[in-house]
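Reader: Hey, got a minute to walk me through this one? I'd like to go over the helices, the charged pairs and the surface.

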Amino acid sequence: MKNPFRSVRIFAGEMVAELKKATWPTRTELRDSTLVVIVAVIILGVFTSIADFSIVNVVTLFTSWVG
């Protein structure tokens with residue numbers, strides 16, 4: 001029977017080795033990327049709200065003609 005803890009230890013060691021190879025963003029890059037994400041979320045939120053409001057009004061208009 002294989003020892004499951006040995007597999008976990010090997011995995012953890014390989015994971016740490018790969019993370020050491022990674023290039024991490026500088027504080028400025030991280031701040032700029034975060035700002036881009038926040039602005040994109042706001043823009044998409046406004047677009048979704050306007051689209052939803054418009055669709056609700058169009059459906060309400062069409063249903064008022066029928067009923």
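**Walking through the model**

Author: Let's start with M15, which sits in helix 1. Helices here are DSSP runs of H or I with at least four residues, strands are runs of E with at least two, and both are numbered from the N terminus. This is a predicted model, where local features need pLDDT of at least 70, side-chain atom pairs count only at pLDDT 80 or more, and totals for chains, interfaces and linings use all residues. Residues are numbered from 1 along each chain as its sequence is written, and side-chain values use heavy atoms, with hydrogens and water left out.

Reader: OK, is M15 buried or exposed?

Author: In between: M15 is partly exposed, because its relative accessible area is 40%. The cut-offs are under 20% for buried and over 50% for exposed, with partly exposed in between (1.4 Å probe, protein chains only).

Reader: Which residues make a nonpolar surface patch with M15?

Author: F11, V16, L19 and W24 join M15 in a nonpolar patch of about 550 Å². Patch members need over 30% relative accessible area and no salt bridge; nonpolar side chains (Val, Leu, Ile, Met, Phe, Trp, Tyr) are joined within 5 Å, like charges within 9 Å. The areas come from the Shrake-Rupley method with a 1.4 Å probe, and for residues only the protein chains shown count as cover.

Reader: Back to helix 1. What span should its 18 residues have?

Author: Helix 1 covers residues 4–21 and should span 26 Å at 1.5 Å a residue; the C-alpha atoms at its ends are 26 Å apart, so that agrees. The expected span is 1.5 Å times one less than the number of residues.

Reader: And what does N3 do at the start of that helix?

Author: A side-chain oxygen of N3 comes to within 3.1 Å of the backbone nitrogen of F5.

Reader: Switching to charges, how many salt bridges are there?

Author: The count is two, taking a salt bridge as a side-chain nitrogen of Lys or Arg within 4 Å of a carboxyl oxygen of Asp or Glu. E18 and K21 form one, at 3.2 Å from N to O. Both lie in helix 1, three residues apart, about one turn of the helix. R31 and D32 make a salt bridge too, with their closest N and O atoms 3.5 Å apart.

Reader: Why would side chains pair like that?

Author: Opposite charges can pair when the charged atoms come close.

Reader: How exposed are E18 and K21?

Author: E18 is partly exposed, since its relative accessibility is 48%. K21 is exposed because its value is 60%.

Reader: And R31 and D32?

Author: R31 has 55% relative accessibility, so R31 counts as exposed. D32 has 37%, so D32 counts as partly exposed.

Reader: How many aromatic pairs?

Author: One. F62 and W65 are the partners in this tilted pair, 5.4 Å centre to centre with 55° between the planes. Rings of Phe, Tyr and Trp (its six-membered ring) pair when their centres lie within 6.5 Å; planes under 30 degrees apart are stacked, over 60 edge-to-face, and the rest tilted. F62 and W65 are both in helix 2 (residues 27–66), three residues apart, about one turn of the helix.

Reader: What about F47, where is that?

Author: F47 is in helix 2. F47 is exposed, because its relative accessibility is 57%. Its C-alpha atom is 50 Å from that of F5, with their positions 42 residues apart along the chain.

Notes:
A polar contact is a pair of N or O atoms within 3.5 Å; within protein, one must be able to donate a hydrogen and the other to accept it, and residues adjacent in sequence count only if both atoms are side-chain atoms.
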